[in-house]
Amino acid sequence: MLDGIRDAVRKFLGGSSSYDVAVEEFIKDLQKALISSDVQVKLVFSLTNKIKERLKNETPPSSIGRREWFIKVVYDELSALFGGDKEPDLNPKSLPWVIMLVGVQGTGKTTTAGKLAFFYKKRGYKVALVGADVYRPAALEQLQQIGKQINVPVYGEPGNHGAVGIAMRGVERFLKDKYELIIVDTAGRHGYGEEAKLLDEMRDIFEKIKPNEVVLVIDAAIGQKAFDLAKKFHEASNVGSIIITKMDGTAKGGGALSAVSATGAPIKFIGVGEKIDELEVFNPRRFVARILGMGDVEAIIEKIKAVEDYEGIQKKMEEVMSGKSKLTLRDMYKQIMAMRKMGPLSKILQLIPGMNMMGDIPEDQVKVGERKMQRWISIMNSMTYEELDNPSIIDKQRMRRIAMGSGTEVEEVRELVEHFNMVQKTLRTLRRRRKDVEKLLGQM
Ligand code: GDP
């Protein structure tokens with residue numbers, strides 16, 4: 001199970017064997033955990049090969065330990081399997097949009113239909129539900145109750161067992177009434193041995209109502225069976241996206257990975273509870289961090305991110321010093337965010353080649369207290385990009401607006417702008433002095 005990965009991460013980070021041996025061991029553990037979660041062997045090997053490849057070709061930043069960096073690589077590559085940094089596309093591409101939910105009984109399909117309806121209703125869509133799960137006696141009633149709770153109409157035909165007809169009539173009705181988003185709940189597996197029949201019915205509904213999107217709902221704890229199951233549903237109805245339910249009850253995720261690899265469809269949401277609003281937009285990185293062991297991994301990711309930000313700032317300062325680029329408030333914003341982890345601007349300035357030779361960097365001028373920094377972050381959050389990139393346009397009127405938006409005083413906004421002007425002036429002076437030093441060095 002994927003739980004094994006968390007133990008492997010811990011063992012790897014805390015282990016006493018040499019780095020190379022530990023890497024080999026970890027990769028074996030990772031492969032074992034993924035394969036026993038029924039992730040395809042081919043997928044597992046392509047993942048671990050990619051990890052090894054990166055280990056060979058890349059070097060960690062100097063201030064990051066090799067082991068930590070390795071975990072970051074694993075985290076990156078696993079995240080990529082789940083969609084990486086791509087935000088799931090949540091808005092319907094056209095209207096009206098018909099969604100058909102498929103999945104095994106008991107996974108939380110009906111509950112999820114309600115959650116989705118609620119989610120999109122809040123986003124301003126005119127939403128309706130169709131109850132075509134005719135085999136579970138209480139399914140329609142359950143859907144109607146949810147509908148009432150969130151004020152969304154539900155189409156159903158109590159007593160009628162013709163799921164295909166119900167789905168068609170429901171969709172037709174709501175299309176006629178100009179509903180924008182129509183969510184169709186279908187039957188899950190109803191007794192063993194009837195699976196083939198169920199899948200035929202699924203295909204039938206799919207062909208008749210021609211949904212814009214088929215959503216496969218699967219239970220996070222399903223593990224082993226997920227791949228075949230997802231594949232079967234995919235063959236019957238062309239799965240377009242996936243929702244994993246019951247993520248609150250388990251830290252497993254192997255099934256999710258298998259479902260993704262069986263269908264090629266992205267995960268869009270995860271269910272994290274029984275309540276109507278307990279639906280989260282899927283975030284690959286958070287999901288993988290959970291699989292790897294939140295505590296251990298998050299700290300590493302943060303640290304590496306801070307180093308990368310820091311290096312980014314260093315580069316930017318270099319450009320500013322050589323006159324290639326101008327310092328903006330946006331840079332200062334980034335700098336403040338990084339500096340809270342890495343130390344003050346004066347320290348950053350010292351990193352600039354040639355700068356440390358000049359000694360007296362006016363530290364007191366660039367040092368800012370933590371509380372003030374918090375206020376400044378709020379202020380900068382209330383500024384437009386235009387203002388951040390070109391602070392000279394911030395006049396009295398803008399200051400008032402920014403203060404209001406950030407819950408601060410106009411005086412504080414002014415202070416921030418003045419601080420920025422001062423930093424710029426300091427930089428100009430330093431730039432001149434560096435030129436002088438360089439000239440001097442050149443003469444020598
Ligand atoms: P269906 O047969 O697929 O329609 O499943 P239901 O919607 O009736 O859900 C089956 C059970 O799972 C119910 O008790 C739901 O409350 C519960 N459930 C659904 N989604 C979640 C979830 O994300 N987290 C938890 N903890 N329970 C869920």
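User: Hi! Before we look at the largest nonpolar core, what is a nonpolar core?

Analyst: Happy to start there. In this predicted model, a nonpolar core is a set of buried Ala, Val, Leu, Ile, Met, Phe, Trp, Tyr and Cys residues. What joins them is C-beta atoms within 7 Å.

User: Thanks! How many residues does the largest nonpolar core have?

Analyst: The residues with the most contacts inside this core are Ile-182, Ile-183, Val-184, Leu-216, Ala-230 and Ile-242. In total, the largest nonpolar core has 95 residues.

User: Why does this core lie between two domains, and which are they?

Analyst: The domain assignment of the protein chain gives domain 1 (3-81), domain 2 (97-283) and domain 3 (297-443). Two of these both give residues to the core, so it lies between them: domain 1 (3-81) and domain 2 (97-283).

User: Which strands do bridges join to β5?

Analyst: Strand β5 (residues 213-219) is mostly covered, with six of its seven residues buried. Four bridges join β5 to a parallel strand (residues 97-102), where Met-100 stands opposite Val-214. Five bridges join β5 to another parallel strand (residues 241-245), and there Ile-243 is the bridge partner of Val-217. The strands are β1 and β6.

User: Turning to the ligand, which helix gives the most to the shell around it?

Analyst: By class, the shell has two nonpolar, twelve polar and six charged residues. Of the 20 residues around the ligand, Gly-108, Lys-109, Thr-110, Thr-111 and Gly-271 come nearest. The helix that gives the most, with three residues, spans residues 109-122: helix α5.

Key: Residues numbered from 1 in each chain as written. Predicted model: local features only at pLDDT ≥ 70, side-chain atom pairs only at ≥ 80, totals over all residues. Near = placed C-beta within 6 Å. Helix = DSSP H or I, 4+ residues; strand = E, 2+ residues; numbered from the N terminus. Nonpolar A, V, L, I, M, F, W, Y, C, P; charged D, E, K, R; others polar. Domains from an automatic or database assignment. Buried ≥ 20, exposed ≤ 12 C-beta atoms within 10 Å, placed from the backbone. Pairing = 2+ DSSP bridges.
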